[in-house]
Amino acid sequence: MTKITPQPGIMEIALYVGGTAHVEGVSDVVKLSSNENPFGPSPAASEAARRATYELHRYPATDHAGLRAAIGEIHDIDPDQVICGVGSDEVLQFIAQSYAGPGDEVIYTEHGFSMYPILAHACGATPVKVAEKDRVVDVDAILAACNDKTRIVFIANPANPTGTMIDLDECARLANGLPEGALLVLDGAYAEFEQGYDGGASLVASRCNVIMTRTFSKIHGLGGLRIGWGYAPRDIIDVLNRVRQPFNLSTVQLAAAEAAVRDTGYTEKCRAENERLRGWLAEALARHGVKTDVSHTNFILARFADAAEADACDAYLKSQGLIVRKVGGYGLPNCLRITVGDEPACRRVAHAVGQFREGAE
Ligand code: PMP
């Protein structure tokens, strides 16, 4: 019998290996590998999710009007230019599916988020990886890589797993320099962690070729519920809504996200606490001789002498019940990505890295 072959590009996609929260033989485990909010969601969001379970027999709203109105109000944008998805991953998928296909090129950067090449392959397009400059997105290199096949440029700003970012003027220069027919996607999964940054919303408002995506999985602490959104020009939102399944978000997702986005006091509390603990942890790591870049996110990229040292530190942290993320798959084999946890978690990481470094000397 002939084997039935999938669409071109599909077998180029490596299966995702998920993070675990379990270490054999260790009881007090802290997961610091997925950039989750250690404080959890706003109590108002949890309560809204619980209340929404009284309506489980009803189909959810298909237009997401309540959630889009809340997003519009809080972010001061037009709710008719917002689309919601199952995590921002789904919104990114709508974009790739709608705007790229066989023969097209999709640009992402050297240490860019792993979903970008996956989405390009999934729609039959060719992912094109562009070099960064010292772990920072390089606008000139991206512009140099563009050609008439370029349909989408994905950048996360701030970026995962480096934690670095470029300023809005650089994003604007990138958008202005793209070839006709190419879109810039500014992935703002970590935007809220940078005080005063709008995630690129102002660029969307003034251009026809920029889309911003955002998530409820990070600062809003709702990773388990899977909710994200995008903000784009009206004609693009119209296109993306055509590939969106009508009931893609559940009643519970919609209720929790609406309450979460409205609880701006809680969001600000999480941002400030993350900033305080991130600074503390970076200083503690520096005292132990571990270098980090300035992070604009809720994680820190710790740099070691080489891959062997990073792997050994990862193993030691694991033995102490601390699960962090190896990022060799992102071209950073000498680094570990460590989510900023709550204060006890940060203290445990600092202590364990100190012990590891002393053992190495
Ligand atoms: N973009 C970036 C840069 C991310 O790090 C993540 C999550 N790791 C996502 C998008 C997707 O987030 P979600 O689908 O949970 O909204």
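Leu-301 of strand E10 (residues 299-303) stands opposite Arg-337 in strand E13 (residues 335-339), strands being DSSP runs (E) of at least two residues, numbered, like helices (H or I, at least four residues), from the N terminus. The structure is a predicted model, in which local features need pLDDT of at least 70, side-chain atom pairs count only at pLDDT 80 or more, and totals for chains, interfaces and linings use all residues. Residues are numbered from 1 along each chain as its sequence is written.

E10 and E13 run antiparallel and are joined by 5 bridges; two strands are taken to pair if DSSP finds at least two bridges between them. Both belong to an open sheet of 4 strands with antiparallel pairing, in the order E9-E10-E13-E12. Its edges are formed by strand E9 (291-292) and strand E12 (325-326), each of which pairs on one side only. Helix H10 (residues 264-287) lies across E9 and E10 and runs at about 10° to E10 (axes are lines fitted to C-alpha atoms, for helices over the stretch in contact, and angles run from 0 to 180 degrees between N-to-C directions).

Strand E3 (residues 105-109) is largely enclosed by the rest of the structure, because 5 of its 5 residues are buried. A residue is buried if 20 or more other C-beta atoms, placed from the backbone, lie within 10 Å of its own, exposed if 12 or fewer, and partly exposed in between. Glu-105, Ile-107 and Thr-109 point one way from E3, and Val-106 and Tyr-108 the other way. E3 pairs in the parallel sense with strand E4 (residues 126-130) over 5 bridges, and Pro-127 in E4 is the bridge partner of Val-106.

Val-106 is also among the residues with the most contacts inside the largest nonpolar core, which has 77 residues; such a core is a set of buried Ala, Val, Leu, Ile, Met, Phe, Trp, Tyr and Cys residues joined through C-beta atoms within 7 Å. Helix H9 (residues 251-262) supplies the largest share of this core, 7 residues. A second, separate core of 30 residues includes Val-30, Leu-281, Val-340 and Cys-346. Beyond its neighbours within four places in sequence, Ile-152 is in contact with residues including Ile-95, Val-106 and Leu-183 (contact: C-beta atoms, placed from the backbone, within 7 Å).

The ligand is surrounded by residues including Asp-89, Phe-113, Asn-160 and Asp-187, with C-beta atoms, placed from the backbone, within 6 Å of it. Helix H3 (residues 87-99) contributes the largest share of this shell, 3 residues.

Conventions. Contact = placed C-beta atoms within 7 Å.
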